Amino acid sequence: MAIIPINLKDGSLENEQEIIIGIDLGTTNSLVAHMVDGKAVCVKGSDGKSTLVPSVVHFTQKEEVLVGEEAKEKLITDPAHTIYSVKRLMGKSYKDVQNLEKHFGYQILDDDTESLVKIRVFDRFYTPVELSAHILRTLRQRIEAELGARVTKAVITVPAYFNDNQRQATRDAGKLAGLDVLRIVNEPTAAALAYGLDQEETESIAVYDLGGGTFDISILHLQDGIFEVQSTNGDTFLGGDDFDRILVEHFCKLLNIDAETLSEEKELGQEVRLTAEKAKKALSFADTWSGNLRGQELTLSRPDFEAMIAPLVQRTLDCCKQALQDAGLQTSQIDKVVMVGGSTRVPLVKQQVAAFFGKPVYDKLDPDEVVALGAAIQADVLAGNQKDVLLLDITPLSLGIETVGGLMDVIIPRNSKVPGKAGRQYTTSVDGQKNLKIAVFQGERDLVEHNRKLGEFILRDIPPMPAGLPKIDIQFILNADGILTVKASELRSGTAQSIEIKPTYGISEEDMARMLLDSIVHAKDDMQARGLLEARNEANNLLLAGDKFLIQNDAILDAEEKENTKALLTALREATQKDDKDVILAAIETLNTYTMPLAHRAMDSTIRAAMAGKEVNQTDF
Ligand code: ADP
Ligand code: MG
């Protein structure tokens, strides 16, 4: 039993359409973005003020949960029950973060060093996944209020250096917040996407991300619209908060406040910190800042501020140097430099980075928003709205099924976009066939025996029909995670069956490269093999039909015609045993030429019989 194609036209790839949002789940701030009239936009809160949701979660005595700006206000007054920087704990064990504990104002559970970190608030323990889910839920509510519709699908960004555990933890947080996380995207890749850099030719791109508490530099390589991370470097405790700290010390000196007073008087501490951040931000746009703190006039010039933070900026450049070295590149080989993170608004940072790389930096987009905007663009691609614009993910090898004679019938060709779907119709090659085996293969060779088998299943309970009559529809659906669903259904009876496979599971890059190379090396042999098999298939169909013809038209054929037809059928049968396509095709031709007038006569007599109102047998010719 075997399956044969009905419609040899190539199945066309379609993409599904749906709302998918983009989320930047940051250490300091998080944002949600979506597409409005083909443009990525970050969504503001109900107060219409800011697109940023501080990544802070506060638990009240009554175990109410506050997230964002409201929670941030509790950082100073109630630090034990206010969780910030939870991103630093994602996917980590207590052992991993032991040395970080001094940085947190809250309690990390310490009974089992090997297990995943938990955070104690009152008498309850929370995982970083649960806490992140609170932030994600807030972002989800924000966009649902904006759209007036339910949202269940998202793309979430993570740092390029996040390992599998950290990525999985981020996915889990999404799930807990009621979001199906279709894709985890690297933050630098999202930033490059936001600037439309995927449209460029082959390029090397540096993404410089200076946030609140962390600094990341990533070197990306772009080819054929796909970004690859070449190297990453950075400092997990270097960011805008350190600029604030330097200013706090500076102001305290001016006001004669000692460190002890500062930590004891919480309100004073908060006031100084807020003033410091205000001064820092103002100096990004003005040459001097002046303000008032506890009745005393304060002024600060940009050059003075720059002198204070210069060593910190230099540290980021040292990381850049290391990242370039790891990528095996010189600064001159970097084509584009993208600025990300709120702290890149500081003019000194921009100048120093531009000078280091020797070229102007990309800084037109809001550095707070750029990652979320890129996530929304990636989401739009997954939703299938940017079909021909971006090529972010492609199938490395063709996917198809085995058809009669062991031939590979490709349904999704290699280099097709993911997600995508394609289908084709098939029929049976044997009368009364009830079960049909669908074997799924991956590879470029014409014979399935040379390709990689991904799986198989049996479509059962096809009602008995003559060969060629059942209509079997096979659909290949490849989702954003690279999971392939193969669905087979017999359209006349409605019987259906499907399987799910992960085509990239258990195959290395080298294996894929080898399979591609083999297909090129064997292209000529493969073409001959396919030609022979196709000729044989055609011959077999004709032999089947020929035998039927002789039986059905016994009355209208004379003895000699029957003998000759039988002889030609036998000759064809013998030809199919030989490994020569041309011999088979010649035998087919001879048989067809001889039987053509006989078939016409048979048809005429059928029509005459029908006109005479007699019952007739259906003929197959
Ligand atoms: P993260 O990626 O860690 O979540 P962000 O990219 O949101 O962080 O950056 C937050 C940091 O950016 C804070 O330290 C904030 O003070 C700083 N920042 C925001 N605006 C400015 C500005 N105008 N000038 C200087 N620093 C700024
Ligand atoms: Mg960030």
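A polar contact is taken here as a pair of N or O atoms within 3.5 Å; within protein, one must be able to donate a hydrogen and the other to accept it, and residues adjacent in sequence count only if both atoms are side-chain atoms. The model is predicted, with local features needing pLDDT of at least 70 and side-chain atom pairs counting only at pLDDT 80 or more, while totals for chains, interfaces and linings use all residues. Residues are numbered from 1 along each chain as its sequence is written, ligands are numbered from 1 in the order in which they are written, and side-chain values use heavy atoms, with hydrogens and water left out.

**Exercise 1.** Find which side chains place an N or O atom 2.7 Å and 2.9 Å from an oxygen atom of ligand 1.

*Solution.* Begin with lysine 280, whose side chain has an N or O atom 2.7 Å from a ligand 1 oxygen. Then take asparagine 29, where the corresponding side-chain distance is 2.9 Å. Finally, turn to the backbone, where a polar atom of serine 343 lies 3.3 Å from an oxygen of ligand 1.

**Exercise 2.** Determine how helices H14 and H15 (DSSP runs of H or I, at least four residues, numbered from the N terminus) are oriented to each other.

*Solution.* First, the axes (lines fitted to C-alpha atoms over the stretch in contact, with angles from 0 to 180 degrees between N-to-C directions) of H14, residues 523-552, and H15, residues 559-577, come within 10 Å and cross at roughly 155°. Next, because angles over 145 degrees count as roughly antiparallel, H14 and H15 are roughly antiparallel to each other.

Key: Helix = DSSP H or I, 4+ residues; strand = E, 2+ residues; numbered from the N terminus. Parallel < 35°, antiparallel > 145°, perpendicular 65-115°, else oblique.
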